[in-house]
Amino acid sequence: PDDVGEGYQDYKADYLLHAVATFVARPDAEEQRQTFCTTLGQFIGGGKPALVQSHLIEELKWIGAKESVAPISKALLKDRLHDQAVDALVAIKESAPLRAVLPRAKGRQRIAVVQALGTLRDDKAIRDILPDVSSPDPDLRLAAIAALASIGDAAAVDPLLKAAKTESLYQRSKTIEALLDLADRLAEAGQTKEATRICRTLLAETAEEEMHFRCGAIVGLAKAAGAEAMDDVLAAMSSENADYRAAGFRAAVAMRGEQATQGWVARMKGADPARRIAILELLSLRGDPAALPAILAAVSDPDEGVRVAAIRAAGPAGDQRAVAPLIAALTGKGAAESMAARRALLAIPGTEASQAIAKTIP
């Protein structure tokens, strides 16, 4: 019978099946693995009880490959088997069968398939998933929103921005999270214009009580726009809101490229000591050697706090050029500068710094 639940007595056979599956999955047994998987696949989609087929699919999930795709695909729209079949195809990293059944999948089955296509980042499924963003089923809507964000295609930008304008606080929250993920995906793919548009829209349209999303958006903007976001990041770093200030600092660190580094260096000129110290701490976290000339110049700053911050930054951003100035700070300055110089020298790669330190020992 199909319903073998409470009286099911084949657990010993299941243990044996799993033991064989583990054995044939060893590195030097590819032919045995293929034979075993092909044999199991013959019993999927036939008259065997659903629980038995479920166990077979579970074994194929762990050891199956191309030879198991077709048998597993037969169970994609079968009651009591579709979840296992979807999970198995995700594990095998095969999206074509999932994409093929999507037009026929309904209810929970469609949700599972959409989630799987998102996990596999199947950009060929975008056209079929996009209508689900406005589905009357809230679970399907959220599955589609998350999947489109994971896939990371610019075609999803406008539908997701529209979906965020909802009275449902939960859907709005999940959609904004997805938009931030989408912005990251687009930035990684070099589509910085669309990623920037997402982040600027969120900065403009999020309320004060959604500050956590603003924080995510300013960091995303810095990643996408780089030095072009300098004014936005500076504004965040000067915010009265402590969380947004902290996010501004993270955004400044996240800016990619030498152009952004030089932008921060330029901001030090004419700044008051407190601002110079903050920028030097930032340059330390960025660790970009392009900032080293400006950092070393600040080692001679009239303000002691600036000098200490510059000495600290010279380690992470430094190379052999920083050794001599740091040795001078180590031996000829006050206690705070000497301690900072010692730590900075230890952060410089290579042997020159350690040899220079050794020469200072009487």
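**Helix packing and salt bridges in a predicted model**

Me: Which residues of α13 meet Asp232, Val233 and Ala236 in α14?
Reply: The model is predicted. On the α14 side, the contact involves Asp232, Val233 and Ala236. Across from them, α13 supplies Ile218, Leu221 and Ala222.

Me: How many residues of the contact of α13 with α14 are nonpolar?
Reply: One residue of this contact is charged. None is polar. The nonpolar ones number five.

Me: Are α13 and α14 roughly parallel or roughly antiparallel to each other?
Reply: Helix α13 spans residues 211-225 and helix α14 spans residues 230-237. They pack at an angle of about 150 degrees, with axes 10 Å apart. Angles over 145 degrees count as roughly antiparallel. The two helices are therefore roughly antiparallel.

Me: Is the crossing of α13 and α14 left-handed or right-handed?
Reply: Here the question is how α13 passes α14. That crossing is left-handed.

Me: How many salt bridges does the count come to?
Reply: Side chains of opposite charge can pair when their charged atoms come close. The rule asks for a Lys or Arg side-chain nitrogen within 4 Å of a carboxyl oxygen of Asp or Glu. By this rule the count is 16.

Me: Is Asp28, the salt-bridge partner of Arg26, buried or exposed?
Reply: Arg26 and Asp28 have their closest N and O atoms 3.2 Å apart. Arg26 has a relative accessible area of 27%, so it is partly exposed. Asp28 has 64%, and over 50% counts as exposed. Asp28 is therefore exposed.

Me: Where does Asp132, the partner of Arg110, lie?
Reply: Arg110 forms a salt bridge with Asp132, with the closest N and O atoms 3.0 Å apart. The pair links distant parts of the chain, 22 residues apart. Both residues are buried. Arg110 is in helix α7 (residues 107-119), and Asp132 is in the loop between α8 (126-129) and α9 (138-151).

Me: What relative accessible area does Arg307, the partner of Glu337, have?
Reply: Glu337 in helix α21 (residues 335-347) and Arg307 in helix α19 (residues 304-314) are 30 residues apart. Their closest N and O atoms are 3.1 Å apart, in a salt bridge. Glu337 is buried, at 3%. Arg307 is buried too, with a relative accessible area of 16%.

Me: Which residues are linked with Arg33 in a network of salt bridges?
Reply: This network joins Arg33 to two Glu residues. They are Glu30 and Glu67.

Conventions
Residues numbered from 1 in each chain as written. Predicted model: local features only at pLDDT ≥ 70, side-chain atom pairs only at ≥ 80, totals over all residues. Heavy atoms only, no water. Axes fitted to C-alpha atoms, helices over the stretch in contact; angles between N-to-C directions. Helix = DSSP H or I, 4+ residues; strand = E, 2+ residues; numbered from the N terminus. Parallel < 35°, antiparallel > 145°, perpendicular 65-115°, else oblique. Left-handed = near helix turned anticlockwise from the far one by under 90°. Contact = heavy atoms within 4.5 Å. Nonpolar A, V, L, I, M, F, W, Y, C, P; charged D, E, K, R; others polar. Buried < 20%, exposed > 50% of the residue type's maximum accessible area, 1.4 Å probe, protein only.
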